[in-house]
Amino acid sequence: MSAVSPFRVVAAGALALLVAFLALPVVAIFVEQSPGELIGALDDPGALDALWLSLQTSLAAVVILVVVGTPAAWLLATRRFRGHALLVTVLELPLVLPPAVAGIALLACFSADGLLPTGNLLVLQTAGVIVALTFVAAPFYLRAAQAAFESVDRSWLDASRTLGAGEARTFARIAIPAALPGLIAGVALGWGRALGEFGATLMFAGSFRGITQTAPLAIYERFGTDFTGALALSAVLIVLSAALLLTVKSGVARLGTR
Amino acid sequence: MLHASARAEPGDLDAAVDVPAGTCLAVAGPSGAGKTTLVRVIAGLHRPLTGRVEVGGTTWLDSASKTDLPPERRRCGVVFQDHALFGHMSALDNVAYGSHDRRGAHDLLERFGLAAREHAKPRELSGGERQRVALARALARAPQVLLLDEPLSALDATTRASATRELQAVLADLAVPSLLVTHDFAEAALIGDRVAVLDGGRIVQEGMAAELAARPASAFIADFTGAVVLYGSARSVADGLTEIALDGGGTLVSVHPGAGRVAVTLYPWEISLEPADTALHATSARNRLAARVTSVTEVGGRVRVGLDAGQPLAAEVTAPAARELGLAPGVLVAATFKAAATRVVPG
């Protein structure tokens, strides 16, 4: 029997520390209050409105991202042109922007005296929430989709072309199915980011109940006055996000064994 | 009829080929010779600096008149090196992808003995089965030209022998021109009606395989052509040996097993030549074929001797040996070689 190496012990300790650090705060939300109190606190029309709005706006942002982002990512993955690297960097920028900066930037662009004035269409409107979510979530989906398309076997694409399929049919019938696990992972990342978005939404769309107040904004509003209500909403968001992650992981695993 | 000429990036490709309908040109060359680029130019997957591709009177590419059909508008069946089967589709869906004809795809798979495997995904198929699906897929759209890029290199040695036989049968029935590229001269000799040797992007010699082996234009081709091929019928004899009755007369023995129609390959430098009237003497060489010298070609200190032994054959000897034996076209000699020098593959 071989002795357990000291390094193995140190690594196991590091893992245990990390699990405790990341999981304990999440567990705390559920044990701080009894389940009955948590469910009771949800019986507040404002909380349900916020959850419902979060679901609607994040879903809308994800749909926009998939529809616009997928062909764009395909182009970035399959064509090399001048300025390619610069373009990719520009598209990744929202990834490193502080959310408050993203909110200011959106205001500077779309407000009444902005670069691209949109009147009352976006600012302080539900549509504005969708714009903010799309802005911050886009790089997450684009990066994943581009990587997924880049890993598709080029000879499959060549074979498809020689079998009479144009670029559009090759994209739809070969590239998308082959890249599907990566695309789904990108949707999960983007959706997760959109569900949790706070700063850019607050600055650009405000926090009006039923119109622009998403679940994270509602949590922040309750934070000072109704801590139980904030905990309850947080618990629901955790369950939603975890369910999203699990669904995607099992879906990708199923695709892998297809 | 296929005509293709192309000049691609300097050193990569500068070659022209003509392939009559119903025949197969095997383009053989070492890796990096430009073989795959040639296939990609014909298929429309690579745009050369200048070039022309014509198939059956239709121009697919003509850089002079700026004609360049996209790959999907060239009726070109391609079998890719790693077969490039779509992993998320069944064998049947792969074959029907280009033809949109599931009935026809099923019939093709049946012809290749794969009807029972048509719902299997590529990764559930064996290497030989994948190769047949790739071939069926390339043929399904009734191509005007068939291109085969190292179709056998992904297979293990045993599967390759049967796949070679199947490919020969398919090509024999094919009415359109076909072009096969391979790094293996023996494979080119077995499958191609003619063989073109590509080196550094240029075709350095083209002709019948036996012609190339007997009269290599350069030391490179002499080395590259390597094995020569003899055809015949095999049967097992005593001591675990195989006796092959050669087409055109003569028999030889091999240590390798084989039955029925076979091709025997051996290297020219494994063949010894002696005057035809030498008395039979005790020797370990089991094989002795009477032959007439057809050509004597000196390549870099060695002499490649073309022989007619009922079938074309080539031997390689040193220059002094060639002088001593007085080798010249028309001279009768005996070609001897050991049974262990031969390899037997299904013909």
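## A walk through the pockets and covered helices

Let's begin with a pocket: the lining of the second largest one is made up, by class, of 6 nonpolar, 4 polar and 8 charged residues. What you are looking at is a predicted model, and this pocket holds about 450 Å³ of space. Altogether 18 residues line the second largest pocket, and those nearest its centre are Arg79(A), Arg161(A), Gly44(B), Leu45(B) and Pro71(B). So much for the middle; now for the elements around it. On the chain A side, H3, H7 and H8 each put at least two residues into the lining. H7(A) has the largest share there, with 4 residues.

That makes H7(A) a good next stop. This helix of chain A runs over residues 154–162 and is mostly covered, with 8 of its 9 residues buried. The buried ones are Ser155(A), Trp156(A), Leu157(A), Asp158(A), Ala159(A), Ser160(A), Arg161(A) and Thr162(A). Arg161(A) is a name you have met already, as one of the residues nearest the centre of the second largest pocket. What lies over the buried residues of H7(A)? The cover includes helix H3 (45–78) and helix H8 (167–196) of chain A, along with helix H1 (35–43), strand E7 (76–79), helix H2 (91–99) and helix H4 (127–140) of chain B. Once you follow the chain past H7(A), you reach Gly164(A), which has a positive phi, near 95 degrees.

Now hop over to chain B and look at H2(B), one of the elements that cover H7(A). H2(B) is mostly covered too, as 7 of its 9 residues are buried. Those are Ala91(B), Leu92(B), Asn94(B), Val95(B), Ala96(B), Tyr97(B) and Gly98(B). Their cover includes H7 and H8 of chain A, plus helix H3 (102–111) and H4 of chain B. In other words, H7(A) is listed in the cover of H2(B), and H2(B) is listed in the cover of H7(A). Just after H2(B) comes His100(B), with a positive phi of about 55 degrees.

Staying with chain B for a moment, turn to the largest pocket, with a volume of about 530 Å³. Its lining counts 24 residues, and Arg160(B), Asp184(B), Ala186(B), Leu190(B) and Val345(B) are the closest to its centre. Several elements of chain B supply at least two lining residues each: helix H5 (157–173), helix H6 (185–191), helix H8 (219–225), strand E15 (260–266) and strand E21 (343–346). Which of them gives the most to the lining of the largest pocket? H5(B) does, with 5 residues. By class, this lining divides into 14 nonpolar, 6 polar and 4 charged residues.

Finally, there are the closed spaces. Rolling a probe the size of a water molecule over the atoms shows where empty space is left. The count here comes to 4 cavities of 30 Å³ or more. The largest cavity has a volume of about 60 Å³, and the residues lining it are Leu76(A), Val88(A), Leu91(A), Glu92(A), Pro139(A), Leu142(A), Arg143(A) and Gln146(A). Helix H4 (84–96) and helix H6 (126–150) of chain A are the elements that give two or more residues to this lining. H6(A) gives the most, with 4 residues. Sorted by class, the lining of the largest cavity has 5 nonpolar, 1 polar and 2 charged residues.

Definitions and conventions:
Residues numbered from 1 in each chain as written. Chains lettered and ligands numbered in written order. Predicted model: local features only at pLDDT ≥ 70, side-chain atom pairs only at ≥ 80, totals over all residues. Heavy atoms only, no water. Buried < 20%, exposed > 50% of the residue type's maximum accessible area, 1.4 Å probe, protein only. Contact = heavy atoms within 4.5 Å. 1 Å grid on protein atoms, 1.4 Å probe; cavity = no way out; pocket = protein on both sides within 12 Å on 5 of 7 lines; lining within 4 Å. Points joined across faces, edges and corners; volume = space filled by probe spheres on them. Nonpolar A, V, L, I, M, F, W, Y, C, P; charged D, E, K, R; others polar.
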